[in-house]
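Let's take a walk through the charged side chains of this model and see who pairs with whom. Have the structure open as you read.

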Amino acid sequence: RTDDHLLYGFYTVEKKSGYRALHCDHTLFNPRFDASLSDPNDKLSLDPNAIFALSDPQDNAIDRLRKFYGYFNIEIQIHTSFENLWASMEHTSSYNIQAKGRGRNSEITVQWKFLSDAMKNLEEQFERLQVDTEKAHFQMSHNGGYIPVKKLLDKLQPDIYPIYLASTKRVEDLEDLLDSHEISRQDYVHQLQAEIGYTDDFATKQSDLTLQMLFRIQNAFVYYGLANQSKYFNSDDIRQFIKESLFRYKEISAFLSSHSEIYMGNLFHIIVIIRYLYLGQKYGLGLMNPPEEIFRDDDTPAVRYASSLSFFEKGIFLLNRLKDEELNLFTNDSVISIEILHQYDVQAREWELFNTEYDSLQSASIVKNIAQFRAQFINSALQDRFNRLLESNEIKNVEFIVKFYTTMVWHGLLRPIDALKQIVKYSAHDKIKASDLFYYELSAYKFLLIEHCETISDYNKALTEHTRDPARTKHFRHYHRKNMIQLLFRIKRSESTYKFQKARLSFEQLTKSKFKVDYFSDTLSHEDAS
């Protein structure tokens with residue numbers, strides 16, 4: 001019995017030194033070798049020396065516990081991870097001297113208390129982080145990426161959702177094991193393929209085509225995820241994952257095209273197409289179509305231009321013709337719908353850099369569909385939705401924030417300076433990719449130099465009505481060109497070949513000037529000569 005063992009059952013311990021824990025002491029005196037406290041029916045001997053006769057050198061810890069538990073009170077201490085860390089530090093450093101009362105030094109006790117409070121505060125922040133992480137996992141699992149899976153399955157067949165969720169969880173757990181290096185890359189891929197095989201088999205047994213689609217899209221997305229894991233796999237592996245993912249998305253697209261009776265089929269198709277196009281954009285030029293071949297054989301784009309264009313045409317066509325129920329479901333999860341709409345607009349801008357409606361009948365049709373798409377979706381209402389979600393902390397992806405503000409500038413919905421203020425407000429400079437900053441500068445150049453605008457109202461006026469100071473125009477041209485050139489060098493140095501080539505082509509098409517790797521040396525030579 002010591003000074004902190006005077007209570008029985010569970011009780012909270014908080015000491016001046018900062019020690020915190022939940023203790024539980026045994027509730028019986030049994031028997032403490034005291035005849036006045038022993039139970040007449042107790043079979044334990046009152047002879048203190050009897051315990052030595054029970055001891056056997058061959059006993060393990062569990063054997064000894066079973067033999068001796070009746071002779072002693074047992075104390076259980078329950079600590080959180082941070083409490084345990086503090087206790088181990090404090091006990092090792094000063095427990096006997098400072099915490100137990102012998103030679104207590106109040107100055108040192110206060111310092112330990114400060115440390116304990118600081119760790120308690122850190123623990124509370126960590127707990128909030130854990131809660132937020134669990135919420136994020138929950139939302140990701142229940143949304144199923146771009147598809148609101150739970151809402152669909154609750155309406156169609158609720159008992160299927162636990163199966164879908166369990167499969168998603170297994171895929172996430174495998175990725176966690178890979179990230180923590182607790183599984184080899186080969187085992188990771190094999191187990192993923194086994195999971196895909198299981199869900200593919202499950203999907204084919206479903207008579208409801210919508211249920212089939214949900215699982216097939218999920219399996220294609222697993223390969224889509226593998227295609228984006230370049231930190232773990234070499235380029236040959238990535239190409240195989242891209243190939244498999246594209247093949248699955250193509251199959252699903254063909255199936256959706258031939259089965260118009262599938263519930264929410266158009267919405268599924270829009271999402272399948274944007275995944276397909278994104279791979280073509282990340283591992284190629286997407287919808288850019290320069291007149292000359294700019295890649296070496298080992299840099300061949302994953303998706304050819306003609307294939308990307310065909311998918312894009314279909315996606316824009318479907319977006320413009322969503323039925324009311326599909327549109328409501330699509331816009332209900334606002335963050336997801338904004339991301340999809342933004343991605344389609346980015347693809348449209350890539351196509352527009354090298355094409356006009358006068359090129360062919362096909363081009364005229366695409367231009368018409370893009371205009372209809374933007375009139376319906378890319379407008380001030382979309383900007384308002386984005387701002388509401390941003391203020392409510394629903395949008396946390398800094399990269400997407402920069403890209404979205406870039407889109408608003410591109411379409412004359414936001415001045416470049418106002419967009420820059422928002423980008424600075426919601427992000428730190430070192431978190432922004434050079435390519436994302438480049439496209440902001442490109443949009444600013446378009447707004448200020450191509451459209452000759454300085455205000456939002458200018459954007460809707462005829463060019464002849466715009467009045468510009470020649471000195472300001474010269475300043476904007478020099479300033480934004482210089483920034484873009486600097487960023488192109490950064491992209492070339494730190495990002496993929498595809499990112500660099502797309503940025504370079506965008507710069508050259510919009511500014512009507514060539515990007516040179518030796519641009520600065522040429523400029524310096526010219527300045528020296530002058």
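Some vocabulary before the tour: a residue is buried at under 20% relative accessible area, exposed at over 50%, and partly exposed in between, using a 1.4 Å probe and protein chains only. Keep in mind that this is a predicted model, where local features need pLDDT of at least 70, side-chain atom pairs count only at pLDDT 80 or more, and totals for chains, interfaces and linings use all residues. Residues are numbered from 1 along each chain as its sequence is written, and side-chain values use heavy atoms, with hydrogens and water left out.

A salt bridge here is a side-chain nitrogen of Lys or Arg within 4 Å of a carboxyl oxygen of Asp or Glu. Searching the whole structure turns up 21 of them. One of these pairs K155 with E325, at 2.7 Å from N to O. That contact ties together distant parts of the chain: K155 sits in helix 5 (residues 149–156) and E325 in helix 12 (residues 324–332), 170 residues apart. Helices are DSSP runs of H or I with at least four residues, numbered from the N terminus. K155 is exposed at 54% relative accessibility, while E325 is partly exposed at 38%.

Next up, E451 and K446 form a salt bridge at 3.0 Å, N to O. E451 is partly exposed at 21%, whereas K446 is buried at 10%.

E508 and R504 also pair up, with N to O at 3.0 Å. Both belong to helix 21 (residues 497–511), four residues apart, or about one turn of the helix. E508 is buried at 11%, and R504 is buried at 14%. Elsewhere, salt bridges with shared partners knit D345, R349, E352 and R374 into one network.

Technical notes
Helices (H or I, at least four residues) and strands (E, at least two) are DSSP runs, numbered from the N terminus.
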